[in-house]
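Q: I would like to learn how a protein model is read, one feature at a time. Could we go through this one together?

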Amino acid sequence: MTWIQPTSVDAVVRARAENPEAIIVAGGTFLGILVRAGMLEADDWISLQDVRELTRLQSLGDLSIGAMVRHRRLELDEDVRGIWPGIAAAFRAVASPRVRNVATVGGVLADADYASDPPSMLVASRAVAEIASVRGSRRVPIEELITGHYSTCLEEDELITRVIVPRPQGPAVYRKLRTRSQEDRPSSSVAAVVHQGTVRVVVGAVSDRPHHFADLCATWRPGNEDSAREIGAGYAERIEYIDDNRGSAAYRRRVVAVEVRRALMQVSS
Ligand SMILES: Cc1cc2nc3c(=O)[nH]c(=O)nc-3n(C[C@H](O)[C@H](O)[C@H](O)COP(=O)(O)OP(=O)(O)OC[C@H]3O[C@@H](n4cnc5c(N)ncnc54)[C@H](O)[C@@H]3O)c2cc1C
């Protein structure tokens, strides 16, 4: 087994190009579970632990979040809480402080677990991932990065280096529904962000990836309960739901109608 700890993004992408089979380790919260459960074995590992440039968090203009920024930092950072409260709320909703102290932004996006909190808010906030490889770098909106259950559009040698979130022009609301315990993953995850008078509602954790329906959002009349109800019913209708131990498909369909309506009323107030 080999374990390498490069100190720069350049060194990481070179190492990945030489050995695309090597597994990137960020916080290790997801990988640790897979290894302990015997679901993942690998000979080669590349740790991002010592790559200082990936830990940068900058809030001048747009928010730039390095891939190794921990959830807990986004939850507590004063600028993030003040200017991007929806982002702070979505990361604060993850698990427990113990997990949030370790889990990273790059990790939650790359593992693309459907039952995650941050993706719906990142999509609603029009966030973009910056991705690097030896071929250069590219930017991909989060809604295109996550393609399905545990799958992304990342090439096997690519690394997420940072996430860029535009400065908000309006309020944001994040609603997480837990069905088992306070530290549980979401049964449904609804983010609503207002941008220049229009709303973007994104529903996650109920299907293989986050869903956004621009045509439904375009009908929104702020503060109008009937409008919020109709949009909620539209989201409930259009998504193909999954059954899991956090709720049946039928339950989730009903919950989404209510959670979307509540998010729209909350973001109007
Ligand atoms: C007990 C527990 C409870 C949890 N509850 C919640 C919850 O309520 N809500 C929620 O949203 N999440 C929850 N999670 C999930 C947790 O947030 C994820 O495990 C975490 O975000 C993964 O981050 P990590 O840095 O630990 O990733 P790692 O485990 O290090 O990596 C995850 C995957 O991403 C890849 N990877 C990591 N970084 C990069 C990168 N920069 N570029 C490319 N690939 C990369 C790795 O190779 C691996 O495949 C929970 C996890 C645990 C253990």
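A: Let us start with the overall division. The C-alpha centres of domain 1 and domain 2 lie 24 Å apart, the two domains being residues 2-165 and 172-268, with bounds that come from an automatic or database domain assignment. This is a predicted model, in which local features need pLDDT of at least 70 and side-chain atom pairs count only at pLDDT 80 or more, while totals for chains, interfaces and linings use all residues. Residues are numbered from 1 along each chain as its sequence is written.

Q: How many residues does each domain give to the contact?

A: The size of an interface is often given as the accessible area lost when the parts come together. Here one can count residues instead: the contact takes 22 residues from domain 1 and 24 residues from domain 2, where two residues are in contact if their C-beta atoms, placed from the backbone, lie within 7 Å.

Q: Which element gives the most to the side of domain 1 that touches domain 2?

A: Helix 8 does, with five residues; helices (H or I, at least four residues) and strands (E, at least two) are DSSP runs, numbered from the N terminus. By class, that side of domain 1 has 12 nonpolar, eight polar and two charged residues, where Ala, Val, Leu, Ile, Met, Phe, Trp, Tyr, Cys and Pro count as nonpolar, Asp, Glu, Lys and Arg as charged, and the others, Gly among them, as polar.

Q: What is the order of the strands in the open sheet?

A: Strands of a sheet pair through backbone hydrogen bonds, either parallel or antiparallel. In this model the open sheet of three strands has the order 1-3-2, with parallel pairing, and two strands pair if DSSP finds at least two bridges between them. Strand 1 (2-4) and strand 2 are the edge strands, each pairing on one side only. Strand 1 pairs with strand 3 (residues 44-47) over three bridges, and Thr 2 stands opposite Asp 44.

Q: How do strand 6 and strand 7 run, parallel or antiparallel?

A: They run antiparallel, joined by six bridges, and they form a hairpin with two residues between them. Ser 133 stands opposite Gly 136 in strand 7.

Q: Why does strand 7 lie largely in the open?

A: Of its six residues, the number buried is zero, so strand 7 lies largely in the open; a residue is buried if 20 or more other C-beta atoms, placed from the backbone, lie within 10 Å of its own, exposed if 12 or fewer, and partly exposed in between.
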